[in-house]
Amino acid sequence: MAPTEAHETEPIALSTVDMWTDGACKGNPGVGGWGAWLKAGGHEKELFGGELQTTNNRMELTAVIEGLRALKRPCTVNLHVDSTYVMNGITKWIHGWKRNNWRTADKKPVKNAELWQELESQVARHIVKWTWVKGHAGDPGNEKADELANRGVNQVRATAQG
């Protein structure tokens, strides 16, 4: 019997994607939109959508979820958000929420728990590097994501008006 050779495998290099996301709401609650702008290897992808009756926080979460969901395979994602709610929620608060059976420190149900659970699932597929950017302050990626989120609002309004 021939000896078995051990072969080291090269780690598979993950594609790197730069992503900016934003949510918008006209009234809170009200008509909302979300947008995600993805850039990788000279390619760009614009995503947007919305809901008739929602909140700004739900749209901020949805933007990140839909942006990550659009990636067909695991990637390194440089994710830029202007929502401290989303960034702190997924990187800090979620651990306590899960430990407390999706309840806050003061024992109230976590708002948007189903979106947090979906976001956690999407984040787990990738290596996500979170960056907070100040909204409406001239960051080109954030401005583009905001424009897409507002397109989502307009799309919902147009559909609702028939």
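1. Start at one rung of the sheet. K39 has E44 as its bridge partner in β3. The model in view is a predicted one. This rung belongs to the pairing of strand β2, residues 30-40, with strand β3, residues 43-54. The two strands run antiparallel and are joined by 10 bridges.

2. Follow the same pairing further along. A36 is matched with L47 in β3. G32 faces E51, also in β3. These pairs help a newcomer to line up the two strands by eye. In general, strands of a sheet pair through backbone hydrogen bonds, in either a parallel or an antiparallel sense.

3. Now the turn. Two residues lie between the strands in the hairpin of β2 and β3. There G41 takes a positive phi near 50°.

4. β2 has a partner in β1 as well. Strand β1 covers residues 15-26. It pairs with β2 over nine bridges, again in the antiparallel sense. One position to check is G23, which stands opposite W34 in β2. The hairpin of β1 and β2 has three residues between the strands. In this hairpin G27 has a positive phi near 95°.

5. How many of the residues of β2 are buried? Nine of its 11 residues are, so the strand is mostly covered by the cut-off of under 20% relative accessible area. Across the chain, buried residues make up 43% of the 162 residues.

6. Step back to the whole sheet. Five strands form an open sheet, in the order β3-β2-β1-β4-β5. Its pairing is mixed. The edge strands are β3 and β5, the latter at residues 127-132, and each pairs on one side only. From one strand to the next, the twist averages 20°.

7. The overall plan is easy to read. The chain has four helices and five strands. Along the sequence they follow the pattern β-β-β-α-β-α-α-β-α. The C-alpha trace spans about 75 × 45 × 35 Å along its principal axes. Among contacts with a separation of 6 or more, 67% are between residues 24 or more positions apart.

8. Helices α1 and α3 come next. Helix α1 is residues 56-69 and helix α3 is residues 113-124. Their axes come within 9 Å and cross at roughly 30°. Angles under 35 degrees count as roughly parallel, and α1 and α3 are therefore roughly parallel to each other. Their crossing is left-handed. On the α1 side the contact is made by R58, L61, T62, V64, I65, L68 and R69. On the α3 side it is made by E114, L115, W116, E118, L119, Q122 and V123. These contact residues divide into eight nonpolar, two polar and four charged.

9. How are α2 and α3 oriented to each other? Helix α2 spans residues 84-99. It packs with α3 at an angle of about 100°, and the axes are 11 Å apart. The range of 65 to 115 degrees counts as roughly perpendicular, so α2 and α3 are roughly perpendicular to each other. From α2 the contact takes in Y85, V86, G89, I90, I94, W97 and K98. From α3 it takes in W116, L119, E120 and V123. The residues of this contact are eight nonpolar, one polar and two charged. W116, L119 and V123 of α3 are also listed in the contact with α1.

10. Helix α4 is placed against the sheet. This helix, residues 140-160, lies across β1, β2 and β3. It runs at about 140° to β2.

11. One residue deserves a separate look: D22. D22 is found in strand β1. Is D22 buried or exposed? At 2% relative accessibility, D22 counts as buried, because buried means under 20%.

12. What does D22 touch, leaving aside residues up to four places away in sequence? Its contacts include G33, W34 and G35. M59, E60 and A63 are also among them. So are D82, A145, D146 and A149. From the ranges given above, G33, W34 and G35 fall in β2. M59, E60 and A63 fall in α1. A145, D146 and A149 fall in α4. V77 makes a useful distance check: D22 and V77 are 55 residues apart in sequence, and 16 Å apart in space from C-alpha to C-alpha.

Technical notes:
Residues numbered from 1 in each chain as written. Predicted model: local features only at pLDDT ≥ 70, side-chain atom pairs only at ≥ 80, totals over all residues. Heavy atoms only, no water. Pairing = 2+ DSSP bridges. Axes fitted to C-alpha atoms, helices over the stretch in contact; angles between N-to-C directions. Parallel < 35°, antiparallel > 145°, perpendicular 65-115°, else oblique. Left-handed = near helix turned anticlockwise from the far one by under 90°. Contact = heavy atoms within 4.5 Å. Nonpolar A, V, L, I, M, F, W, Y, C, P; charged D, E, K, R; others polar. Buried < 20%, exposed > 50% of the residue type's maximum accessible area, 1.4 Å probe, protein only.
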